[in-house]
Structure formats: C-alpha cells, structure tokens
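Got your viewer open? Grab the mouse and follow along, one selection at a time.

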Amino acid sequence: DQERFDWKQSVYKFRNFGFTFDYFITVDLGIDMTNYSLNMLYIGPADVRLSTNDLKSYFHKMVYVASVLGATKSEAQKELYESFKFEFRLRKSASQFREPTNFSLYHRMSVSELQQKVPNIPWLEYLNSVLNVPPITIKASDVIIAAPPIYFSELEKLLLNTPKRVQANYLMWKTVASSVPCLTEKLLHSLTQNMYSIVGWKKCVSLTLDSMPIATGALYVRKHFNEDAKKDAMEMVSDIRKVFLNIVKRADWMDV
C-alpha cells in the first residue's frame with residue numbers, strides 16, 4: 001500500500017535486519033576535525049555513488065537483477081526507470097555536500113537545534129532507530145555535526161514530489177543491490193553474469209574488515225605476528241613519531 005509507505009519506517013526495518021541505512025541520510029561516527037581526541041556523530045547527505053559515466057550500464061544492471069528475481073523485463077524497465085531518475089536527482093542534491101571542500105558548511109549543533117532547523121524529520125527517533133546500540137540513547141542535548149539544513153530541505157522537497165511507489169522501489173533496489181554480492185558464488189555468477197567482481201567469501205571478509213577494523217586487525221596480529229615483530233613495529237612507529245616532532249619543531253611557519 002503506497003499510501004501507507006513511510007521511508008523512515010522502512011529504513012528502521014531494514015536497519016533491524018542488518019542492512020545499511022544511508023540511502024537518504026548518512027549517519028556516521030567520525031573524528032572531530034577540530035579536536036582529534038574526540039569522536040562526533042555526523043549527519044550528512046545520502047551516500048549515493050552513481051557514476052555519471054556509466055548510467056546506461058547501471059540501469060541495465062537494475063533491470064537484469066530484477067528480472068532474474070522474478071519481474072518481467074518490461075515491468076522492471078517501467079518501474080525501475082522512475083527509481084533510476086529519482087536516484088540520479090538524489091545524487092545531484094547530495095553530491096555538492098559530500099565534497100571535502102564543502103566540509104566548512106557543516107555545523108556543530110545539538111540534536112534539538114537540528115530539530116528546530118529541520119522540523120519535518122523526527123531526529124531523536126531517527127537517530128536512535130538507525131544507530132540502535134543499546135544501552136546508548138541519543139538525547140536532545142547531545143551535540144552532533146550536521147550538513148547544512150538546505151540539503152534536508154531539498155531532500156524533503158524531492159520526496160514530496162516523488163510518488164511513494166518510486167521511493168519504495170528505490171529503497172528496495174538499493175537493499176537488493178547491496179545484498180547480491182553476499183550470495184553464494186554459484187548464484188552470484190548465474191545472477192549477475194560477472195557484473196560483480198568480488199566473490200562471496202571475499203565480500204564477507206571485506207564487510208568484516210570495514211565494520212570491525214581494529215578487532216580484525218588485532219586477531220591477525222595475534223595469529224601472524226610474533227613478539228619480536230611486534231617490538232620492531234613499535235620501535236619503528238616510535239622513531240617515525242620522533243622524527244615527525246623534530247620536523248614540526250624546526251618549521252618556523254608553524255606554532256608549536
């Protein structure tokens with residue numbers, strides 16, 4: 001029922017199943033660029049990585065995957081073309097705020113301040129639902145770093161002018177596309193005709209490394225590094241740090 005569809009509720013459900021949730025808004029934990037000893041919650045534009053150099057191939061992949069999963073080719077082309085256009089518009093809106101040169105546009109504010117600037121998104125509900133890390137609870141007084149409110153206004157305008165069926169198809173396509181590389185190698189090959197180059201087990205390793213880099217790195221070190229190697233590595237890091245500090249101290253154009 002497209003009248004009852006709500007993109008936020010769908011994002012919450014997909015998040016509970018373990019899928020990513022950055023198809024409309026990105027929520028990420030990162031280093032505070034003004035104080036490297038702190039981590040901050042970043043609220044930014046959608047992570048839409050759609051290459052403008054290969055749009056035809058991308059749309060063909062959308063239709064092919066949908067048809068293999070049961071849709072007729074004509075129906076897939078009709079339905080997904082609208083989702084494809086929506087994704088392109090979303091990318092155009094989001095890309096300008098994802099450029100590193102525009103990072104200065106981001107603002108530090110409390111969640112309650114963000115709620116005042118962008119009132120049509122229930123931010124406390126949204127952040128706690130997509131993060132979903134009990135017993136941690138985001139509070140209205142918590143400070144975050146957010147993209148300019150104009151992005152969220154443009155997102156709202158785009159959603160208001162896009163049929164809910166198109167929004168639902170876009171969200172479902174992005175979820176399916178992210179899941180395809182996790183299939184068995186046999187299914188992956190038959191489904192995509194080598195459209196995805198990473199085989200299943202390598203994709204699992206990659207996802208684990210991306211999600212838990214420190215933990216997986218520690219396991220690797222415990223298994224493959226002996227004590228002498230660890231000692232040599234620590235000495236090398238210490239020497240590099242000392243040399244770097246000496247260079248900084250000799251740089252007369254820097255305040256030390």
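Let's begin at R165, which is partly exposed, with a relative accessible area of 44%. Keep in mind as you click around that this is a predicted model. Now add E79 to your selection: R165 and E79 form a salt bridge, and their closest N and O atoms are 3.1 Å apart. Where do the two partners sit? R165 lies in helix α7 (residues 164–179) and E79 in helix α3 (residues 73–98), so this pair ties together parts of the chain that are 86 residues apart in sequence.

Stay with those helices and select K174 and E87. Their side chains meet in a salt bridge too, at 2.9 Å from N to O. K174 belongs to helix α7 and E87 to helix α3, so here the parts tied together are 87 residues apart in sequence. Are K174 and E87 buried or exposed? Both of them are buried.

Next, jump to K8 and D6. Another salt bridge joins their side chains, with 3.6 Å between N and O. K8 is buried, at a relative accessible area of 13%, while D6 counts as partly exposed at 26%. How many salt bridges turn up in a search of the whole structure? The search finds five, and the ones you've visited are among them.

**On to the rings**

Time to switch from charges to aromatic side chains. How many aromatic pairs does the structure hold? There are 15. For one of them, select W7 and F24: the pair is tilted, with 4.8 Å from centre to centre and 45° between the planes. This pair links distant parts of the chain, since W7 is in helix α1 (residues 7–16) and F24 is in the loop between α1 and β1 (25–32), 17 residues apart. Colour by accessibility if you can: W7 is buried, with a relative accessible area of 8%, and F24 is buried as well, at 0%.

Don't let go of W7 yet, as there's another partner to pick. Add Y126, and you get a tilted pair with 5.9 Å between the centres and 55° between the planes. This one also links distant parts of the chain: W7 in helix α1 and Y126 in helix α5 (residues 123–131) are 119 residues apart. Y126 is buried, with a relative accessible area of 0%.

Now widen the selection. Which residues do ring pairs link into a cluster with W7? Pick out Y12, F24, F86, W123, Y126, Y151, F152 and Y170, and together with W7 you have the cluster.

**Zoom out**

Finally, clear everything and show the whole chain as a cartoon. You're looking at 11 helices and four strands. Of the 256 residues in the chain, 34% are buried. Switch to a surface view, and the chain exposes about 16800 Å², with carbon and sulfur atoms supplying 57% of that area.

One last thing to think about while you spin the model. Take the contacts in the chain with a separation of 6 or more: residues 24 or more positions apart account for 66% of them. To finish, go back to K174 and E87, whose helices α7 and α3 you can now find in the full view.

How values were computed. Residues are numbered from 1 along each chain as its sequence is written. This is a predicted model: local features need pLDDT of at least 70, side-chain atom pairs count only at pLDDT 80 or more; totals for chains, interfaces and linings use all residues. Side-chain values use heavy atoms; hydrogens and water are left out. A salt bridge is a side-chain nitrogen of Lys or Arg within 4 Å of a carboxyl oxygen of Asp or Glu. Buried means under 20% relative accessible area, exposed over 50%, partly exposed in between (1.4 Å probe, protein chains only). Helices (H or I, at least four residues) and strands (E, at least two) are DSSP runs, numbered from the N terminus. Rings of Phe, Tyr and Trp (its six-membered ring) pair if their centres lie within 6.5 Å; planes under 30 degrees apart count as stacked, over 60 as edge-to-face and the rest as tilted. Contact means heavy atoms within 4.5 Å. Accessible areas come from the Shrake-Rupley method with a 1.4 Å probe; for residues, only the protein chains shown count as cover.
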